[in-house]
Amino acid sequence: MDEQTKDTSDRPPREGATTDLPHDRITVERFRQAFPRARWSDRLNAWFVPGRTAEKRIGRWMAELEAGADRFADEKGRDAFTFEPIKSRYLEAAPAFLQIRTPYSPSVVNEIREIPYARWDADRRLWTVPYRSLDELRQRWPAIEAAAERNEPEARRARREAIKGTEEDEASKARTRERRRKRYPVPAEDGPPFERAIGTHVGVVFFIGTDGELADRATVSAFYFPAANSEEFVWASWRTGTLEELVTTWPARTPPDQDELKRGWWMPDLEELRIARRDAKSRRRASERKQKDNSSGGRTADHP
């Protein structure tokens, strides 16, 4: 540090702001050019910029610095993609980002959501991924492409035809019928609170009541969770939560323990609430699109 820029008194002006910088010469030189009045403080172990608007000016400069780094990362990723492209009917290279368009699949959605900076473009019905995230996309692409191929209309029809009339087909239909009833078995003597987010084996739900109808153990074990012989269960009706309800729900600190899993319900942890909030957001967007399409006479597409 030279003598002209070091704050020897270690007493910075009253008005100003401090900032930490990466320990590289080029960044420090750029910072000193942008803030010629900046001084290093040994006591604060940071750069101090005087002035009432110092914090805002530093924030703008840092944002520009990060944007420049993102542009460099995008250029680097674009060059890497040109040298070794991902060849797939589901992926298209655009100037600013990569575009992913696949049949709807929860697996595809979950994989893409783990990619940094990936975004869903609702107007064009596709995902965008910046070139800076190419490495993460490349790692996840085999799973994305395989899930997309499994969910092509022809592939789904072939699977349905293959199991048609089999026990697997009947079991699948039975699960669908049971889920549509929107009921869930809860212990007769240890039921959950109503109208608040509750974790269950079918996800986070809001219980709205029960008429005391007994739930037979065979149905409970077949569609929900293993029912203990010593426990008596009753059916409770439930609904999904709104995004506002789920966002304001305080998560449990720990996942459910074995006793809670056997009981069938518990207070949801953060990961369970994240999934429920994500689903609620998707439902809201679908509802908004449906209303928009109905008002314009269009059709609603099936995607997140």
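Colleague: Which residues in α6 are buried?
Modeller: This is a predicted model. Helix α6 covers residues 167-180. Buried here means under 20% relative accessible area. In α6 that describes Asp-169, Ala-174 and Glu-178.

Colleague: What arc do Asp-169, Ala-174 and Glu-178 cover around the axis of α6?
Modeller: In a helix, residues three or four places apart point the same way. The buried residues sit on the same side of α6, because the arc they cover is only 165°.

Colleague: Which residues are exposed on the other side of α6?
Modeller: Exposed means over 50% relative accessible area. The side of α6 away from the buried residues carries Glu-168 and Arg-180.

Colleague: Which elements do the buried residues of α6 pack against?
Modeller: The buried residues are Asp-169, Ala-174 and Glu-178. Their packing partners are α5 (153-163), β8, α7 (217-223) and β12 (233-239).

Colleague: How far apart are the end C-alpha atoms of α6?
Modeller: The helix has 14 residues. At 1.5 Å a residue, α6 should span 20 Å. The model agrees, with the end C-alpha atoms 20 Å apart.

Colleague: What phi does Lys-182 take just after α6?
Modeller: Most residues other than glycine have a negative phi. Lys-182 takes a positive one, of about 50°.

Colleague: Is Glu-195 buried, exposed or partly exposed?
Modeller: Glu-195 lies in the loop between β8 (183-187) and β9. Its phi is positive, near 55°. Partly exposed runs between 20% and 50% relative accessible area. At 44% relative accessibility, Glu-195 therefore counts as partly exposed.

Colleague: Is Arg-125 buried or exposed?
Modeller: Arg-125 is in the loop between β6 and β7. Arg-125 also has a positive phi, about 60°, although it is not a glycine. The cut-off for buried is under 20%. With a relative accessible area of 17%, Arg-125 is therefore buried.

Colleague: What is the order of the four strands in the open sheet?
Modeller: The pairing in this sheet is antiparallel. Its edge strands are β4 (91-93) and β6 (119-121), each pairing on one side only. Neighbouring strands are turned by 30° against each other on average, direction ignored. The order is β4-β5-β7-β6.

Colleague: Which helix packs on that sheet?
Modeller: The helix touches β4, β5 (97-100) and β7. Its direction makes about 25° with that of β5. The helix is α4, residues 134-150.

Colleague: What is the bridge partner of Asp-121 in β7?
Modeller: Strand β7 covers residues 126-130. Three bridges join β6 to β7, and the two run antiparallel. Asp-121 has as its bridge partner Leu-126.

Colleague: Which residues of β9 are buried on each side?
Modeller: In a regular strand the side chains alternate between the two faces of the sheet. Strand β9 spans residues 197-200, and both its faces are covered. One side has Ala-197 and Gly-199; the other has Ile-198 and Thr-200.

Colleague: What is the bridge partner of Gly-199 in β10?
Modeller: β9 and β10 form a hairpin with two residues between them. Four bridges join β9 to β10 (residues 203-209), in antiparallel fashion. Gly-199 pairs with Val-204.

Colleague: Which residue in β13 stands opposite Thr-200?
Modeller: β9 also pairs with β13 (residues 265-266). That pairing is antiparallel, over two bridges. Opposite Thr-200 stands Trp-265.

Terms used. Residues are numbered from 1 along each chain as its sequence is written. This is a predicted model: local features need pLDDT of at least 70, side-chain atom pairs count only at pLDDT 80 or more; totals for chains, interfaces and linings use all residues. Side-chain values use heavy atoms; hydrogens and water are left out. Buried means under 20% relative accessible area, exposed over 50%, partly exposed in between (1.4 Å probe, protein chains only). Two strands pair if DSSP finds at least two bridges between them. Axes are lines fitted to C-alpha atoms, for helices over the stretch in contact, and angles run from 0 to 180 degrees between N-to-C directions. Contact means heavy atoms within 4.5 Å. The expected span of a helix is 1.5 Å times one less than its number of residues. The arc is that of the directions from the helix axis to the C-beta atoms.
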